[in-house]
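The following paragraphs walk through one protein chain, from its overall make-up to its interior, its paired side chains and its surface. Please keep the model in view while reading.

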Amino acid sequence: MGNCSVETPYAEDFMRGLSPATLSFCVIFWILALFTSALFVDLWVYLSRNVSCTLVKDRCLIVLGLFPVITIAAQLGITVPRAATLADLVTSVYTGLALFAFFHLAVAYMGGQSEMLNVMQTVDSVLNVPPCCCCCICLPRAKIQRRIYTIFRICISQTIFLLPILYFIIAVLWADGKYFNEKVDAHSPVFYLGIAMSVSTLLSLYVFNILIKTALHIADHRYHLLAKYTIVIVTVVINSLQPLIIEVLTAYGVIPCTAEFHWVGRASEFNHMLRVVEAFILMLFAWRFYRSPYPPTEAEPMSFANTLLFVQ
């Protein structure tokens, strides 16, 4: 890392220093960002025309908005390297919001909170689920009572508040010139902030997995709950764990300094480039499952009462 500059370049200097090949990749990233936004607009129009339940439609749009938000923020982080941390802060805030919105969407898919709790109190929920306790086969099964549900809801919603706060602290360190100037090791505050964000994410994912594994026995399969949940969880994991991994790789020289990426904060550039591609791929999967036509309700009665009626 001896040849790496500690000074993050300005946008003009960064763009001027790009080689034709790297500049071509940047153009491709902008094209992918446009396609991601176009897919979101298409889903917006589709849901507005075909979903009559306002709650479900709004929650779906909040969740789907995660991908264009990630893409746009990542593109700004690539083009303006000095704004990368602020772009990550925006992504973090919206990720927590989207995760909580999906929680409410899953509850709606299960017929609403009252009916979901009534059914879950009669079903044994498995506690040895990933990412935390998949190997703890000795954990007993439990019925989700209202008190446990409240605790689970707090565990999920904590990401809305904790992740933005931690990213705000990182932004303060960055503004003070300490974020990218230190090696990511046991002596760096960024290392512990990254661990705290990872723990917060893993806790939320663990609780989500318990609820979703139980919900799969309750929610109608035509809502594609498992597929939609997988898309959201993969997105959350990427946003939370990928930056820390790339930071460590760059800190120890696995990702070396190059002519185009010649500063110690180059990990942010690589992370944002990956996010643009990942958001586009995940948006394609989301487009597939959120745009699936809903079967006519009169052809097969619903297994539980709800208001998730689609305009036929």
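The chain in this predicted model has ten helices and zero strands. Written in sequence order, its pattern is α-α-α-α-α-α-α-α-α-α. The chain has 312 residues, and 51% of them count as buried. Among contacts with a separation of 6 or more, 81% are between residues 24 or more positions apart. The accessible surface of the chain is about 14600 Å², and carbon and sulfur atoms account for 70% of that area.

The interior comes next. The largest nonpolar core contains 67 residues. Val56, Leu64, Phe102, Phe103, Phe208, Leu211 and Tyr290 are the residues with the most contacts inside this core. Helix α5, which spans residues 84-109, supplies the largest share of the core, with ten residues. Apart from this core lies another one, made of nine residues, including Leu89, Leu163, Ile170 and Val190.

Leu211 shows what surrounds one residue of the largest core. With neighbours within four places in sequence left aside, Leu211 is in contact with Phe103, Met120, Ile144, Phe152 and Ile156. Phe103 is itself listed with Leu211 among the residues with the most contacts inside the core.

Aromatic side chains also meet one another, and the structure holds eight aromatic pairs. One of them joins Phe100 and Phe103, whose rings are stacked, 6.0 Å centre to centre and with 20° between the planes. Both residues belong to helix α5, where they are three residues apart, or about one turn of the helix. Are these two residues buried or exposed? Phe100 has a relative accessible area of 16% and is therefore buried, since buried means under 20%. Phe103 is buried as well, with a value of 3%.

A further pair brings two helices together. Phe208 and Tyr229 are tilted relative to each other, with 45° between the planes and 5.7 Å centre to centre. Because Phe208 lies in helix α8 (residues 189-215) and Tyr229 in helix α9, the pair ties together parts that are 21 residues apart in sequence. Phe208 counts as buried at 1% relative accessibility, and Tyr229 is buried with a relative accessible area of 6%. The residues of the two pairs described here belong to one aromatic cluster, formed by Phe100, Phe102, Phe103, Tyr149, Phe208 and Tyr229.

Helix α9 (residues 225-251) also holds Lys228. At 6% relative accessibility, this lysine counts as buried. Which residues is Lys228 in contact with, leaving aside its neighbours within four places in sequence? They are Phe102, Tyr109, Tyr223, Phe289 and Tyr290. Of these, Phe102 and Tyr290 are also named among the residues with the most contacts inside the largest nonpolar core.

Charged side chains pair too, and the count of salt bridges comes to two. In one of them, Arg291 meets Asp42, and the closest N and O atoms are 2.8 Å apart. Arg291 lies in the segment after α10 (266-290) and Asp42 in helix α2, so this salt bridge ties together parts that are 249 residues apart in sequence. Arg291 is partly exposed, with a relative accessible area of 29%. Asp42 also counts as partly exposed, at 27% relative accessibility.

The side chains of Asp88 and Arg275 form a salt bridge as well, at 3.3 Å from N to O. Asp88 is in helix α5 and Arg275 in helix α10, so far along the chain that the pair links distant parts, 187 residues apart. Are the two partners buried or exposed? Asp88 is buried, with a relative accessible area of 10%. Arg275 is buried too, and its relative accessible area is 3%.

The last stop is the surface. Met15, Leu23, Val27, Ile31 and Phe35 make a nonpolar surface patch of about 420 Å². Which helix provides the largest share of the patch? Helix α2 (residues 20-50) does, with four residues. Val27 is found in this helix. With a relative accessible area of 45%, Val27 is partly exposed, because that class lies between the limits of 20% and 50%. Helix α2 thus holds Val27 of the patch and also Asp42, the salt-bridge partner of Arg291.

Technical notes. Residues numbered from 1 in each chain as written. Predicted model: local features only at pLDDT ≥ 70, side-chain atom pairs only at ≥ 80, totals over all residues. Heavy atoms only, no water. Patch = residues over 30% accessible without salt bridge, like charges linked within 9 Å, V, L, I, M, F, W, Y side chains within 5 Å. Areas by Shrake-Rupley, 256 points an atom, 1.4 Å probe, with all protein chains shown as cover. Salt bridge = Lys/Arg side-chain N within 4 Å of Asp/Glu carboxyl O. Buried < 20%, exposed > 50% of the residue type's maximum accessible area, 1.4 Å probe, protein only. Core = buried A, V, L, I, M, F, W, Y, C linked by side-chain atoms within 4.5 Å. Contact = heavy atoms within 4.5 Å. Phe/Tyr/Trp six-rings, centres within 6.5 Å; stacked < 30°, edge-to-face > 60°.
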